[in-house]
Amino acid sequence: MSELPESLLKFPTDVPVKVFGRNDEKFRAAAAKIAHAHYGDAHAVVEHLSKKGNYLSLTITVHANSRAQIDAMYSDLVENDEIIMVI
């Protein structure tokens, strides 16, 4: 039996990361700061407001060079108190 590759992704590649939080500036700032720390300006953000406007989802598309780079940003996002969920 052959071993599975470490990642099914071929790098470098663009990867969308969904981040959910309350609709406030603290959430936006926290997510943006983390994305910038890991990717500089090599990311784009699209916002989607919840039906009642209480929550916000951000789709942060990053240009990743490795699985480790994606995992590092994911860990920082999950650890942040302003962020409710990361997909």
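Which residues does Asn65 touch, not counting residues up to four places away in sequence? In this predicted model, the residues are Phe11 and Pro12.

## Around Asn65

Asn65 sits in a loop, with strand E3 (55–64) on one side and helix H2 (67–79) on the other. Of the two residues that Asn65 touches, Pro12 belongs to the segment before strand E1. The peptide bond leading from Phe11 to Pro12 is cis, and its omega is near -5°.

A second position can be placed relative to this loop. Tyr39 is 26 residues away from Asn65 along the chain, and the C-alpha atoms of the two are separated by 9.8 Å.

## Overall layout

The protein chain contains two helices and four strands. Followed along the sequence, these elements come in the order β-α-β-β-α-β. A box of roughly 50 × 30 × 20 Å, taken along the principal axes, is filled by the C-alpha atoms of the chain.

Many contacts join residues from separate parts of the sequence. Counting contacts between residues at least 6 apart in sequence, 71% are between residues at least 24 apart.

## Surface and charge

The protein chain has 87 residues, and 30% of them are buried. Its accessible surface is about 6,100 Å², with 55% of that area belonging to carbon and sulfur atoms.

The chain carries 9 positive and 12 negative charges. The mean position of the positive charges and that of the negative charges lie 10 Å apart.

## The nonpolar core

The largest nonpolar core is made of 18 residues. Those with the most contacts inside this core are Val17, Val19, Leu58, Ile60, Met73, Leu77 and Ile83. Two or more core residues come from each of strand E1 (13–22), helix H1 (25–39), E3, H2 and strand E4 (83–86).

Leu58 shows how one core residue is surrounded. Apart from neighbours within four places in sequence, Leu58 is in contact with Val17, Lys18 and Val19, with Phe27 and Ala31, and with Val45, Val46 and Glu47. Val17 and Val19 are also listed with Leu58 among the core residues that have the most contacts.

## Two salt bridges

How many salt bridges does a search of the whole structure find? The search finds two. Side chains of opposite charge can pair when their charged atoms come close.

One salt bridge joins the side chains of Glu47 and Arg28, with 3.0 Å from N to O. This pair links distant parts of the chain, since Glu47 is in strand E2 (residues 43–49) and Arg28 is in helix H1, 19 residues apart. Are these two side chains buried, exposed or something in between? Glu47 has a relative accessibility of 42%, so Glu47 counts as partly exposed. Arg28 has 22%, and therefore also counts as partly exposed, because buried means under 20%.

The other salt bridge is formed by Asp71 and Arg67, whose closest N and O atoms are 3.0 Å apart. Both residues are in helix H2, and because they are four residues apart there, about one helical turn separates them. Asp71 is partly exposed, with a relative accessible area of 34%. Arg67 is partly exposed as well, at 36% relative accessibility.

Technical notes: Residues are numbered from 1 along each chain as its sequence is written. This is a predicted model: local features need pLDDT of at least 70, side-chain atom pairs count only at pLDDT 80 or more; totals for chains, interfaces and linings use all residues. Side-chain values use heavy atoms; hydrogens and water are left out. Buried means under 20% relative accessible area, exposed over 50%, partly exposed in between (1.4 Å probe, protein chains only). Contact means heavy atoms within 4.5 Å. Accessible areas come from the Shrake-Rupley method with a 1.4 Å probe; for residues, only the protein chains shown count as cover. Lys and Arg count as positive and Asp and Glu as negative; His and the chain ends are not counted. The place of a charge is taken as NZ of Lys, CZ of Arg, CG of Asp or CD of Glu. A nonpolar core is a set of buried Ala, Val, Leu, Ile, Met, Phe, Trp, Tyr and Cys residues joined through side-chain atoms within 4.5 Å. A salt bridge is a side-chain nitrogen of Lys or Arg within 4 Å of a carboxyl oxygen of Asp or Glu.
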